[in-house]
Amino acid sequence: MNDRNERPWCDVPFGAAMAFFEDEAKMQGKESEVSMKISAEKLRLYAVTDRSFLGGETLYEQVEKALKGGATMVQLREKKLDEETFFKEAKEIMDLCHRYQVPFIVNDYVEMAKQIGADGVHIGQADMEVKEARKILGADRIIGVTAKTVGQAKSAEAEGADYLGSGAVFGSSTKLDAKPMDHGLFQEICESVHIPVVAIGGINASNVTRLEGRGMAGVAVVSGIFACKDIEAGTRELRTLVDQLLLNNLGSER
């Protein structure tokens, strides 16, 4: 699902490289079913859909290209579909993700996520509270929360969130009112909680390495995947860069 042979392993400390391969072995040794709780490995490259980039393709086709390129988690973000259409599309894309052993997350719609059996939801600060979402979904489903301050991050963790999405680290091409987050603040958020944090906002292959050393578990990407002319190749390039970035972080921590 990703081109691992292109990484410059010769420059990586031996201990860090061994730890990386041990983590990969653990992932490959898991059962075929997708785990209902999230791991940092599944957050490495988190693809977030946007149908404004379809260009004649179906969302299903584009998501499969992202999965082939190495996306490790997928979030369906739809604001304008009627309930029946959303349900049908969500079920189809969820089944596709599970064929690739990748968790499928629904943005905002907690009740819908429960109905279709999604692996979890992602909710914003203005959406349903984490505790209420947990009551609906149960203990075994993933709940991600947007956090733009240290206080929001700590509160979400205390309420039972499984991961956080924080940014916009480079602004956003999909949310025009999103202001770029200072990378120092982003690092503070990562360091303030024990649950994994993903960076989001304007991330692509040309800027992702600027996040090295900030402590995140991965990156959530919209246009940096789905606006690519070749989605599979673009995702693969981004996955290679993210893997190397996280490996460098691991090496620096040792």
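The questions and answers below go through a predicted model of one protein chain.

Reader: How many helices and strands does the protein chain have?
Author: The chain has 254 residues, and 50% of these count as buried. Among contacts between residues at least 6 apart in sequence, 64% join residues at least 24 apart. As for its elements, the count is 9 helices and 8 strands.

Reader: Which residues of the largest nonpolar core touch the most other members?
Author: Nonpolar side chains tend to be buried together in soluble globular proteins. The largest nonpolar core here holds 61 residues. Those touching the most other members are Val63, Phe104, Leu164, Ile203, Leu211, Val219 and Ile225.

Reader: Which helix gives the largest share of this core?
Author: The largest share of the core amounts to 6 residues. These residues belong to a helix that spans 83-99, namely α3.

Reader: What does Leu211 touch, not counting residues up to four places away in sequence?
Author: Leu211 is one of the core residues that touch the most other members. With residues up to four places away set aside, the list of its contacts includes Ile203 and Val219, which are also among those core residues. In full, Leu211 touches Val169, Phe170, His183, Ala199, Met216, Leu245, Ile203 and Val219.

Reader: How many residues are in the other core?
Author: Another core lies apart from the one with Leu211. Among its members are Leu43, Ile142, Val198 and Ala220, and its residues number 11.

Reader: Is α2 roughly parallel or roughly antiparallel to α3?
Author: Helix α2 covers residues 59-69, and its axis lies 10 Å from that of α3. The angle between α2 and α3 is about 20°. Angles under 35 degrees count as roughly parallel. Therefore α2 stands to α3 as roughly parallel.

Reader: How do the residues of the contact of α2 with α3 divide into nonpolar, polar and charged?
Author: The two helices cross in a right-handed way. On the α2 side the contact is made by Leu59, Tyr60, Val63, Glu64 and Leu67, and on the α3 side by Glu89, Glu92, Ile93, Leu96, Cys97 and Arg99. By class these residues are 7 nonpolar, no polar and 4 charged.

Reader: Is Cys97 buried or exposed?
Author: Cys97 sits in helix α3. Leaving aside neighbours within four places in sequence, Cys97 is in contact with Val63, Leu67, Val74, Val102 and Phe104. Its C-alpha is 9.8 Å from that of Ala71, a residue 26 places away in sequence. Its relative accessibility is 0%, so Cys97 counts as buried.

Reader: At what angle do the axes of α6 and α7 cross?
Author: Two packed helices are described by the angle between their axes and the distance between the axes. Helix α6 runs over residues 150-159 and helix α7 over 183-192, and their axes come within 9 Å. The two are roughly parallel to each other, and the angle is roughly 25°.

Reader: Which residues in α7 does α6 meet?
Author: The crossing of α6 and α7 is right-handed. By class, the contact has 4 nonpolar, 1 polar and 3 charged residues. From α6 come Val150, Ala153, Lys154 and Glu157, and they meet Leu185, Glu188, Ile189 and Ser192.

Reader: What is the separation of the C-alpha atoms of Val48 and Ala220?
Author: Val48 belongs to strand β1, residues 45-48, and counts as buried at 1% relative accessibility. Val48 touches Ala220, along with Gln75, Arg77, Val221, Val222 and Phe226, when residues up to four places away are not counted. Val48 and Ala220 are 172 residues apart along the chain, yet their C-alpha atoms are separated by 6.6 Å.

Reader: Which residues does the cis peptide bond join?
Author: The bond has an omega of about 20°. One of its residues lies in the loop between β6 (163-167) and α7, and that residue is Ala168. The pair joined is Gly167 and Ala168.

Reader: What is the phi of Gln101?
Author: Gln101 lies in the loop between α3 and β3 (104-107). At a relative accessible area of 35%, Gln101 is partly exposed. Gln101 is not a glycine, but its phi is positive, about 55°.

Reader: Where does Asp108 lie?
Author: Asp108 has a positive phi near 75° and is a residue other than glycine. Its place is the loop between β3 and α4 (110-116).

Definitions and conventions
Residues are numbered from 1 along each chain as its sequence is written. This is a predicted model: local features need pLDDT of at least 70, side-chain atom pairs count only at pLDDT 80 or more; totals for chains, interfaces and linings use all residues. Side-chain values use heavy atoms; hydrogens and water are left out. A nonpolar core is a set of buried Ala, Val, Leu, Ile, Met, Phe, Trp, Tyr and Cys residues joined through side-chain atoms within 4.5 Å. Buried means under 20% relative accessible area, exposed over 50%, partly exposed in between (1.4 Å probe, protein chains only). Helices (H or I, at least four residues) and strands (E, at least two) are DSSP runs, numbered from the N terminus. Contact means heavy atoms within 4.5 Å. Axes are lines fitted to C-alpha atoms, for helices over the stretch in contact, and angles run from 0 to 180 degrees between N-to-C directions. Angles under 35 degrees count as roughly parallel, over 145 as roughly antiparallel, 65 to 115 as roughly perpendicular and the rest as oblique. A crossing is left-handed if the near helix is turned anticlockwise from the far one by less than a right angle, and right-handed if clockwise. Ala, Val, Leu, Ile, Met, Phe, Trp, Tyr, Cys and Pro count as nonpolar, Asp, Glu, Lys and Arg as charged, and the others, Gly among them, as polar.
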